Amino acid sequence: MTITRRQFLQTAALTTGGLLLPGVARSDEGGWTRLRAAPAAAMLLDGKPDDPMTAVWAYEGTVPGLPLRFRRGERARIRLQNGLEQPTSIHWHGLRVPNAMDGVAGLTQAAVEPGETFDYEFVVPDSGTYWYHSHNRSWEQVARGLYGTLVVEEENPPAVDHDLTLAIDDWRIADDGQIHEDSFGSMMDLSHAGRMGNWLTVNGKSLAKFNVSAGDRLRLRLLNAANARIFDLDLSPAESTLIALDGQPVTPRRLDGPLKLAPGQRADLIIDLTGEPGSRLVLNAVSGGDPVEAAVFEYDQTEGRDRIAGRPEGALEAPQRPPLDHANMVEQGLLMEGGAMGRMESGRFQGQEMTPRELMSFGKIWTFNGVAGDMSDMHDPLLRVERGRSVAIDMFNDTRFPHAMHLHGHHFQVLEIDREPARHQDWMDTVLMFPGERLKIGFVADNPGKWLFHCHMLEHHAAGMGTWLEVGT
């Protein structure tokens, strides 16, 4: 399903200072931040007089949910209140939190039942761009709107005029303007590319608009919050410098084309606005069809002023982490099989070897090393490893579809691509794998506990693409 070209209308005259960055809202309960998950209504469509509000599930009544903003080393105290009719939990995507706070229902905690609360408390260890989202029935709950942005500020951030977070999402909207509920959990989505939407939003709007001035320098924090869609994000003709991936600093480099973001990934860009007063810069999202205008930066009539001096090289400080011990790495293979048009002959589920047709009767169609994972019946881990050991996971995608592999509780480097050294060995928590591709990732297992490792195409995870690692104490 492609996102078709649409004549997006202006829904709000958002200034750059007002985009979902007000900082953390505190409750009166001893400094706890409340995140109430409950049904709500959002204007996802164009905002015409006859456009309906769309029924969503939301944190604190908005999509995305309450934006969280912390300083590195600050203690986060967040109270989840479940106002839904089904259990839920919250995962802090990309943050190296203690295992009991990771929010994976069925592995690190019990799901929070309707009407109940759960307190998440942890010290925020790393600066960068992150996000939070439901991790129980995430294939449905995230698609209904249960996610939000999370920014951890650096002590010495790069000098910019505007620091903007853009959460990019696609929604499957029916003709009545409501979320297409009948397709949740469909085998077509589970066995193919995942749940693809037909309506694009940025920060919950069908077109995000920003007022800027010639000479401004922007920091754009981009998040792909879609269930399964891969976005190519194009800001040409502006020159974009990548300074971070998944919240982790990279050696700054100019992008030579569109930025590809898989579900769950984030990227921080520095952009110098060199357009003429009265012109516009468009962020186009491309995915299986014509470009769609996702956001527009409209220049005011102010004459261009002096730009911020210098380039952003070396702007971010990398977190301290132990180096990889390449000579003594624990090696583990991971074979991905299954899906439509795949070559999988059988898979193991709940201790039984099954044909693909038998697996499909249980809503499973993908396997890791021959096992279809399920959060209600977690099988043996992919790997058990002593704390502090360096680990290499050699992954082969023997399927017809891409997969966004996400590791909880750690950051990793891509060491090899198709057995050749990776050009950029950046630290990240989510990596996109293409059909027939082999990747080797490496990380130091320094965070004890049981850590989920899964495909962040959320339907793929639901249909078997999930396993876990156990790091000793």
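The largest pocket here has a volume of about 860 Å³. Closest to its centre, out of 26 lining residues, sit Leu245, Arg253, Lys260, His424 and Asp426. Bear in mind that this is a predicted model.

Strands do a good share of the lining work: E14, E15, E16 (259-261), E27 (412-417) and E30 (430-433) each bring at least two residues to the largest pocket.

The second largest pocket holds about 290 Å³ of space. Its lining counts 16 residues, and the ones closest to the centre are Arg137, Trp139, Asp374, Met375 and Ala462. Here helices come in: H1 (138-141) and H4 (458-462) each supply at least two lining residues, with H4 giving the most, three residues.

Here are the two linings by residue class:

| Pocket | Nonpolar | Polar | Charged |
|---|---|---|---|
| Largest pocket | 14 residues | four residues | eight residues |
| Second largest pocket | six residues | seven residues | three residues |

Now back to two of the strands that line the largest pocket, E14 and E15. Both belong to an open sheet of six strands with mixed pairing, and the order runs E10-E9-E12-E17-E14-E15. At the edges you'll find E10 (199-202) and E15 (248-254), each paired on one side only. From one strand to the next, the twist averages 25°.

How do E14 and E15 pair, and over how many bridges? E14 (residues 240-245) runs antiparallel to E15, and four bridges join the two. Within this stretch, Thr241 stands opposite Arg254 of E15.

Note on methods: Residues are numbered from 1 along each chain as its sequence is written. This is a predicted model: local features need pLDDT of at least 70, side-chain atom pairs count only at pLDDT 80 or more; totals for chains, interfaces and linings use all residues. Side-chain values use heavy atoms; hydrogens and water are left out. Two strands pair if DSSP finds at least two bridges between them. Axes are lines fitted to C-alpha atoms, for helices over the stretch in contact, and angles run from 0 to 180 degrees between N-to-C directions. On a 1 Å grid over the protein atoms alone, a cavity is a set of points where a 1.4 Å probe fits but cannot get out, and a pocket is an open set with protein on both sides within 12 Å along at least five of seven lines; lining residues have an atom within 4 Å of a point. Grid points are joined across faces, edges and corners, and a volume is the space filled by probe spheres set on the points. Ala, Val, Leu, Ile, Met, Phe, Trp, Tyr, Cys and Pro count as nonpolar, Asp, Glu, Lys and Arg as charged, and the others, Gly among them, as polar.
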